[in-house]
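Got the viewer open? Here's a short walk through the model, one selection at a time.

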Amino acid sequence: MSAQPDHATPPPAFTPTAATQLLAQLRACSRSESWVPAFERDWATALDDARHSYSLTPLHDVVRTWQARLEALPAVTVFVEGGMDDSDGIYAQDVLGTRS
């Protein structure tokens, strides 16, 4: 008998080079100037947390978060270039087209 419910899906497995590959993608993206230093800060913090907790979860969280940001970048770019006022931030509902 498993300790996890049958319907729970395991988190995706990351290769040891996932962070390196992600950093290469960040360096190639249009926001690399601000995103690369932010990723490096997040990664350093996650490494420190992992050392203290003996868990790889903080590292996986950083990779997942930054992968999601990269995946959302095209939609956000189109939204911003569409002339919308983003001075107060961008609502995800507007980007996804779900806001009424």
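## Start in the aromatic patch

Select Phe39 and Trp66 to begin: both of them are buried. Keep in mind as you look around that this is a predicted model. Show the two side chains as sticks and you'll see an edge-to-face aromatic pair, with 6.0 Å from centre to centre and 90° between the planes. Phe39 belongs to helix α2 and Trp66 to helix α3, so this pair ties together parts that are 27 residues apart in sequence.

Now add Trp35. How are the rings of Trp35 and Trp66 arranged? Their planes stand at 75° and their centres are 5.6 Å apart, so this pair is edge-to-face. Here too, distant parts of the chain are linked: Trp35 is in helix α2 (residues 32-53), Trp66 is in helix α3 (residues 57-81), and 31 residues separate them.

Colour by accessibility if you like. Trp66 has a relative accessible area of 2% and is buried. Trp35 comes in at 15%, and because buried means under 20%, Trp35 counts as buried as well.

Add Trp43 to the selection and you have the whole group: Trp35, Phe39, Trp43 and Trp66 make up one aromatic cluster. Across the structure there are three aromatic pairs.

## Around Trp66

Stay on Trp66 and bring up Arg69. The charged end of Arg69 sits over the Trp66 ring, 4.4 Å from the ring's centre.

Next, pick Asp42, which is found in helix α2. What does the side chain of Asp42 make with the side chain of Trp66? The answer is a polar contact, at 2.9 Å. Leaving aside residues up to four places away in sequence, Asp42 touches Val62, Trp66 and Arg69. Is Asp42 buried, exposed or partly exposed? Its relative accessibility is 31%, and it counts as partly exposed.

For a distance to try in the viewer, go C-alpha to C-alpha from Asp42 to Val63: the two are 9.5 Å apart in space and 21 residues apart in sequence.

## Over to helix α1

Select residues 18-28, which is helix α1. Which residues of α1 are buried? They are Ala18, Ala19, Leu22, Leu23 and Leu26. Turn the view until you look down the axis of α1: the buried residues fall within an arc of 130°, so they line one face of the helix. Swing round to the other side of α1 and you'll find Thr20, Arg27 and Ala28 exposed.

Now turn α2 and α3 back on. Both are included in what covers the buried residues of α1.

## Zoom out

Finish with the whole protein chain in cartoon view. There are four helices and zero strands, and from the N terminus on the elements run α-α-α-α. The protein chain has 100 residues, and 20% of them count as buried.

Two last numbers to go with the wide view. Take the contacts in the protein chain with a separation of 6 or more: 47% of them are between residues 24 or more positions apart. Then switch on the surface: the accessible surface of the protein chain is about 7,600 Å², and 55% of that belongs to carbon and sulfur atoms.

Terms used:
Residues numbered from 1 in each chain as written. Predicted model: local features only at pLDDT ≥ 70, side-chain atom pairs only at ≥ 80, totals over all residues. Heavy atoms only, no water. Phe/Tyr/Trp six-rings, centres within 6.5 Å; stacked < 30°, edge-to-face > 60°. Helix = DSSP H or I, 4+ residues; strand = E, 2+ residues; numbered from the N terminus. Buried < 20%, exposed > 50% of the residue type's maximum accessible area, 1.4 Å probe, protein only. Lys NZ or Arg CZ within 6 Å of the ring centre and 35° of its normal. Arc of directions from axis to C-beta. Contact = heavy atoms within 4.5 Å. Areas by Shrake-Rupley, 256 points an atom, 1.4 Å probe, with all protein chains shown as cover. Polar contact = N/O pair within 3.5 Å; in protein donor to acceptor, adjacent residues only side chain to side chain.
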